[in-house]
Amino acid sequence: MNEKALHILEFNKITEILSSFAGSEPAKRMCLNLRPSGNPEWIDHAQDETSAALSRLFKSDRLSFGANIDVRPFIKAASIGRTLGAGDLLAIARLLVNVKEVRDYHTETPTDCLDKYFLALDPLTNVSDKINKCIISDDEISDDASPTLREIRRNIKISTDRIQTGLTKMVNETLRGYLQDAIITTRNGRYCIPVKSEYRSHVPGMIHDRSQSGATLFIEPSSIVDLNNRLKELSSAEHDEVERILSELSAMCAANGDMIAEDQKTITMLDFIFAKAKYAMKINAVRPLYNKELRIVLRGARHPLLDPRTAVPVDIRLGDDFDLLIITGPNTGGKTVSLKTAGLLTLMGQAGLHIPALDRSELSVFSEVYADIGDEQSIEQSLSTFSSHMRSIVEIMKHAKQDSLCLFDELGAGTDPEEGAALAISILDTLHRQKIRSMATTHYSELKVYALQTEGVENAGCEFDIATLSPTYRLMIGIPGKSNAFAISKRLGLSDEIIEKAGQYISHEEENFENVISDLEDRRNIIDKEKQEIENLKADILRREKILADKEEKIQEKKDRIIANAREEARDLLQDAKDKADETIRAFNKQGSVMKPATMEKKRRELREWISKEDEAIYQEAMKRSGKNKTPIKEKKKTELLTEKNALPGTPVFILSMDMDGVIAEAPDKKGNVLVQSGGISIKVKLSDLEMGDAPKPEKTVKKVRLDLSRATNISPEINVIGRTVDDAVSVIDKYLDDAYMSKLESVRIIHGKGTGALRSGIHDYLRTSPVVGSFSDAAHGEGDAGVTVVRFK
């Protein structure tokens with residue numbers, strides 16, 4: 001991409017802003033050196049990386065690259081055997097710690113195309129831990145760096161304490177009167193005391209220095225010379241040990257130099273990618289869609305260098321049904337901004353940056369972007385405004401190809417208007433015939449006419465509000481703009497006489513053309529207003545549809561919930577009824593003919609009452625849910641009441657308590673009891689328990705018989721209860737004997753095993769009380785003996 005276009009479109013300002021979002025100096029340099037690419041694969045990959053980083057930032061922005069510095073010079077020095085300083089080693093350790101933090105951040109965010117960078121990072125924890133253990137700061141080595149260093153420093157402290165103790169006693173007691181000041185000081189790395197020169201002979205020792213006046217001598221007393229010598233030796237040993245430690249750490253860094261350098265390179269790349277994402281987040285940018293048709297479709301695009309609070313979004317199209325767009329309108333109306341927006345966003349997209357526009361904005365990959373914008377006149381080169389523009393245009397015409405994007409601001413300006421317009425038309429028509437995507441701004445009416453008359457060329461105008469004398473900065477594609485010079489001049493105070501006179505110098509055709517433009521603009525405003533009203537109506541309809549859909553969904557949910565609850569309740573009720581019926585049937589089957597009729601009638605009455613009660617409860621609950629008032633349950637058809645007079649033998653009746661039909665066999669006695677024949681049995685019931693009925697319904701009894709007989713095919717002649725408890729076995733045997741008895745089996749075998757005999761004893765206790773068991777005994781020898789009990793029914 002040519003540097004001139006980058007400068008004219010202010011791409012360098014974008015990279016400067018981008019660099020401010022980088023956390024490290026290496027990444028800042030990458031941002032400043034960023035340039036657009038003409039490689040579609042590179043662009044797509046760069047856009048993928050920016051999008052992935054942006055998605056990660058939305059989930060977690062806990063990411064820092066501040067410790068990233070270029071450590072390659074340190075690694076290179078260490079690799080040739082040099083010993084690095086403590087500060088250099090700490091810089092490497094801080095980088096590796098930062099690498100670990102970045103690697104840990106990866107585990108908190110989703111997988112994407114950035115995984116390869118994160119997974120390539122190796123924190124080399126052993127290296128950073130070793131450096132941080134040995135080095136405290138740029139000028140301090142830790143005592144824990146080595147046992148030798150710790151021992152040396154311990155001895156230094158002991159020697160220093162002894163010197164301090166001895167000198168303190170001299171200063172405060174024995175030599176106090178000979179000293180200039182009661183202090184302890186050092187000269188040439190050895191401890192001394194300040195002695196008055198006249199008392200030199202009273203303080204034996206070595207003179208290391210004297211004051212400028214000569215009145216004070218700094219003497220090392222003889223008594224501490226050996227201690228000072230020892231301290232000097234220890235200090236030298238400490239220095240040597242520190243150098244050894246630094247040399248060892250440097251060698252370790254050299255051994256891991258390739259990995260450290262690769263970590264630094266990778267973390268710099270991640271810093272650069274996340275800088276692009278942070279910038280995109282700042283300007284509310286989106287990823288552009290790329291097409292191969294050299295088409296630009298920008299929706300709600302904003303120039304990234306303008307204040308986002310005041311910048312007016314514009315819609316720009318180029319390359320679909322026209323390849324040349326001519327923008328006209330008043331000065332400061334936004335023509336040049338629209339031109340620069342299209343060019344700069346194209347450069348940003350091809351540099352892998354997101355663009356400040358709405359979703360579904362489209363760009364294409366151009367091999368070059370050429371721009372002739374602004375005034376580049378040069379006094380030194382004797383170039384006028386027109387000449388400087390023309391020189392730039394000549395270069396563009398020489399190099400522009402079909403996949404280039406050409407941008408011209410005020411094409412043909414700075415010379416005779418007629419000649420300038422002719423040149424502008426000729427230049428643009430040449431580009432148009434070559435199908436080179438181009439945009440140009442102008443004030444020439446001739447270019448407006450050219451656009452109207454030429455296929456594949458489109459007009460566009462920047463809207464201007466005459467009432468306020470201010471531009472709206474909206475770009476209207478399809479309608480040429482007006483300069484509005486007369487209206488602006490009048491509003492600013494120019495007399496009507498001058499304005500009217502000026503109008504006389506405009507040809508009739510030009511005046512009609514301007515009137516047509518004004519009429520088109522008015523119509524467009526009306527259409528826009530109606531379009532906005534339609535959009536508002538559509539939005540309202542969608543809102544109402546959503547509300548209705550939500551209500552329907554809630555109603556359906558409530559309906560489903562009611563049905564589910566009803567099914568659950570019905571299941572429970574059915575289970576209760578089944579359990580109740582099973583209990584009653586077992587009682588009937590077990591006791592059979594030994595059950596007294598009164599007892600049987602009582603149980604049947606209890607069952608009927610329970611069913612009636614449940615039926616009433618279900619009805620009341622249904623009335624409650626439906627919101628209806630309670631209505632009486634439909635009564636049965638009224639029948640003729642029985643009295644002592646009409647209760648004659650042979651009269652068909654219905655026994656209420658037993659829910660069965662019958663025929664009166666004998667007239668009521670004095671107590672009101674009636675003998676009724678039902679099926680094969682005779683029953684004595686109260687007259688009040690009867691009502692007039694139809695003939696008996698024998699089919700009910702037939703059904704029961706069939707049900708009982710059907711069991712016979714499924715009953716085994718023996719049952720195995722080995723391993724069960726006594727209670728569990730008795731419960732199973734009780735039901736088994738009932739079924740076997742009803743199946744007309746003469747005898748059955750109960751296999752319970754011998755064991756401790758507890759299970760056998762418990763079963764025998766139960767068999768003694770069973771109403772269906774006639775006798776029982778152990779099985780014969782060889783057929784189970786005491787482990788099997790043979791039961792014979794009555």
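These exercises work through a predicted model of one protein.

**Exercise 1. Overall make-up**

Task: State how many helices and strands the protein has, and what share of its residues is buried.

Solution:
- The secondary structure comes to 22 helices and 25 strands.
- The protein has 794 residues, and buried residues make up 40% of them.
- Take the contacts with a separation of 6 or more: residues 24 or more positions apart account for 66% of these.

**Exercise 2. Helix against helix**

Task: Determine how helix α8 is oriented relative to helix α10, and which residues meet.

Solution:
- Locate the helices: α8 spans residues 125-134 and α10 spans residues 225-255.
- Their axes come within 11 Å and cross at roughly 165°.
- That angle makes α8 roughly antiparallel to α10, since angles over 145 degrees count as such.
- The crossing of α8 past α10 is left-handed.
- From α8, the residues in contact are Val127, Lys130, Ile131 and Cys134. They meet Ile245, Glu248, Leu249, Met252 and Cys253 of α10.
- Sort these contact residues by character: seven are nonpolar, two are charged and none is polar.

**Exercise 3. A four-stranded sheet and its helices**

Task: Work out the strand order of the open sheet that contains β3, and find which helices lie on β4 and β6.

Solution:
- The order is β3-β4-β6-β5, with antiparallel pairing.
- β3 (185-187) and β5 (205-210) are the edge strands, as each pairs on one side only.
- From one strand to the next, the twist averages 50°.
- Look at one pair: three bridges join β3 to β4 (residues 190-196) in the antiparallel sense. Here Thr186 has Tyr191 in β4 as its bridge partner.
- Now add the helices. α10 packs on the sheet and touches β4 and β6. Its direction makes about 145° with that of β4.
- α9 (residues 147-174) also lies across β4 and β6 (216-221), running at about 10° to β4.

**Exercise 4. A covered strand**

Task: Decide whether strand β14 is mostly covered or exposed, and identify its pairing partners.

Solution:
- β14 covers residues 437-442, and six of its six residues are buried. The strand is mostly covered.
- In a regular strand, side chains alternate between the two faces of the sheet.
- In β14, Arg437, Met439 and Thr441 point one way. Ser438, Ala440 and Thr442 point the other way. Both sets are buried.
- β10 (residues 324-328) runs parallel to β14, joined by five bridges. Thr328 has Thr442 as its bridge partner.
- β13 (residues 404-408) also runs parallel to β14, with four bridges. Leu407 stands opposite Met439.

Methods:
Residues numbered from 1 in each chain as written. Predicted model: local features only at pLDDT ≥ 70, side-chain atom pairs only at ≥ 80, totals over all residues. Heavy atoms only, no water. Axes fitted to C-alpha atoms, helices over the stretch in contact; angles between N-to-C directions. Helix = DSSP H or I, 4+ residues; strand = E, 2+ residues; numbered from the N terminus. Parallel < 35°, antiparallel > 145°, perpendicular 65-115°, else oblique. Left-handed = near helix turned anticlockwise from the far one by under 90°. Contact = heavy atoms within 4.5 Å. Nonpolar A, V, L, I, M, F, W, Y, C, P; charged D, E, K, R; others polar. Buried < 20%, exposed > 50% of the residue type's maximum accessible area, 1.4 Å probe, protein only. Pairing = 2+ DSSP bridges.
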